[in-house]
Amino acid sequence: MVSKFLLLLCAPVLLAADLPKVDLHIHLHGEDHNTPEMKPADAAALSRKLGVRFGILAEGGCRGDIHDNQTLGEFLGEVRDQPLWRGLQVYGFDWATCLSADLRGQLDYIAADALVFPDRSGKSIWLWLPNIEVGEAQDFMDRYVAFNERVLSQPIQIWANPTYVPEKLKSQYDALWTTARMDRLIQAAVRNHVAIEINAHFQVPSAAFIRRAKAAGAKFSFGSNSHVKGMGEIDYCLRMAQQCGLTAADIYVPVRRLIH
């Protein structure tokens with residue numbers, strides 16, 4: 001007999017018809033050099049075809065693709081005439097010193113995550129890469145939760161890739177994300193008015209986390225976390241939202257109206 005849980009996971013998107021069809025975690029560049037960058041106009045055409053509104057995330061701050069006012073201004077100019085929201089995924093904590101308040105004000109939202117994480121020596125490690133060594137699991141989690149809390153203290157609108165753990169710890173996800181750790185970051189998100197992303201690529205956070213966050217009054221966002229491939233594929237986000245009892249009122253959508 002098919003369980004109710006599996007039926008919910010397999011339920012068609014129409015069950016979540018009241019939820020906004022938005023994907024706020026899209027990158028126009030590929031994850032590797034073999035995937036060509038997508039033009040904003042082509043992304044807008046795909047958005048219309050799928051019936052999913054896109055938010056394009058540039059990446060950087062004081063380093064990366066966006067690292068100063070000139071590079072941020074160029075990004076804003078590239079997407080300005082397209083029916084796409086303009087977002088920036090920031091790294092580090094100094095980005096506001098490198099990007100003017102005027103240009104940041106032209107963005108629809110800013111997102112941040114904790115996946116570029118300092119080890120005990122202070123060296124940054126990229127947690128999404130395979131075979132990353134993070135040391136003893138409980139010690140890592142204590143430091144990781146504190147780092148996520150710092151990320152959430154910034155003037156951002158979306159907490160991206162929430163509760164992600166490195167590949168070697170995925171089998172321990174439920175045990176490592178204790179209620180105390182979940183509640184500490186949920187409270188930080190609610191206190192700082194940051195929406196918690198439901199991420200289709202990494203399939204985080206867990207249903208248990210989403211339900212606790214909803215009960216605490218958190219907002220959520222939808223993101224495919226796609227690099228050209230997979231844009232607008234938010235069925236997972238919609239299923240999780242429906243499974244956890246979210247409604248349109250629980251979902252963050254940028255205020256600027258898009259007109260196709």
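The legends below describe close-up views of a predicted model.

**View 1. Helix H8 and its buried face.** Helix H8 spans residues 179-191, 13 in number. From first to last C-alpha the helix reaches 18 Å, close to the 18 Å expected at 1.5 Å a residue. Arg181, Met182, Leu185, Ile186, Ala188 and Ala189 are the buried residues of H8. Seen down the axis of H8, these buried residues fall within an arc of 160 degrees, so they line one face of the helix. An α-helix has 3.6 residues a turn, so residues three or four places apart point the same way. On the other side of H8, Ala180 and Arg191 are exposed.

**View 2. What covers H8, and what follows it.** The cover over the buried residues of H8 includes three helices, H6 (137-152), H7 (173-176) and H9 (207-215). Strands S7 (158-159) and S8 (195-199) are also among the covering elements. H8 is followed by His193, which has a positive phi, near 60 degrees.

**View 3. The open sheet.** The sheet has 8 strands with parallel pairing, in the order S9-S8-S7-S4-S3-S2-S1-S10. Strands S9 (220-223) and S10 (226-227) stand at the edges with a single partner strand each, so one side of each has no neighbour in the sheet. Between S7 and S8 the parallel pairing runs over 2 bridges. Ile158 stands opposite Ala195 in S8.

**View 4. Helix H3 on the sheet.** Helix H3 (residues 69-79) lies across strands S2 (53-60) and S3 (85-90). H3 runs at about 150 degrees to S3.

**View 5. Trp177 and the largest nonpolar core.** The largest nonpolar core holds 85 residues. The members that touch the most other members are Phe75, Leu127, Tyr144, Trp177, Ile198, Phe220 and Phe222. H6 gives this core its largest share, 8 residues. Leaving aside residues up to four places away in sequence, Trp177 touches Met141, Tyr144, Val145, Thr163, Val165, Met182 and Leu185. Of these contacts, Met182 and Leu185 are among the buried residues of H8. In soluble globular proteins, nonpolar side chains tend to be buried together.

**View 6. Thr178 in the loop before H8.** Thr178 lies in the loop between H7 and H8. Thr178 counts as partly exposed because its relative accessibility is 31%, and partly exposed covers values between the 20% limit for buried and the 50% limit for exposed. Thr178 and Cys237 are 59 residues apart along the chain, and their C-alpha atoms are separated by 23 Å.

Definitions and conventions: Residues are numbered from 1 along each chain as its sequence is written. This is a predicted model: local features need pLDDT of at least 70, side-chain atom pairs count only at pLDDT 80 or more; totals for chains, interfaces and linings use all residues. Side-chain values use heavy atoms; hydrogens and water are left out. Helices (H or I, at least four residues) and strands (E, at least two) are DSSP runs, numbered from the N terminus. The expected span of a helix is 1.5 Å times one less than its number of residues. Buried means under 20% relative accessible area, exposed over 50%, partly exposed in between (1.4 Å probe, protein chains only). The arc is that of the directions from the helix axis to the C-beta atoms. Contact means heavy atoms within 4.5 Å. Two strands pair if DSSP finds at least two bridges between them. Axes are lines fitted to C-alpha atoms, for helices over the stretch in contact, and angles run from 0 to 180 degrees between N-to-C directions. A nonpolar core is a set of buried Ala, Val, Leu, Ile, Met, Phe, Trp, Tyr and Cys residues joined through side-chain atoms within 4.5 Å.
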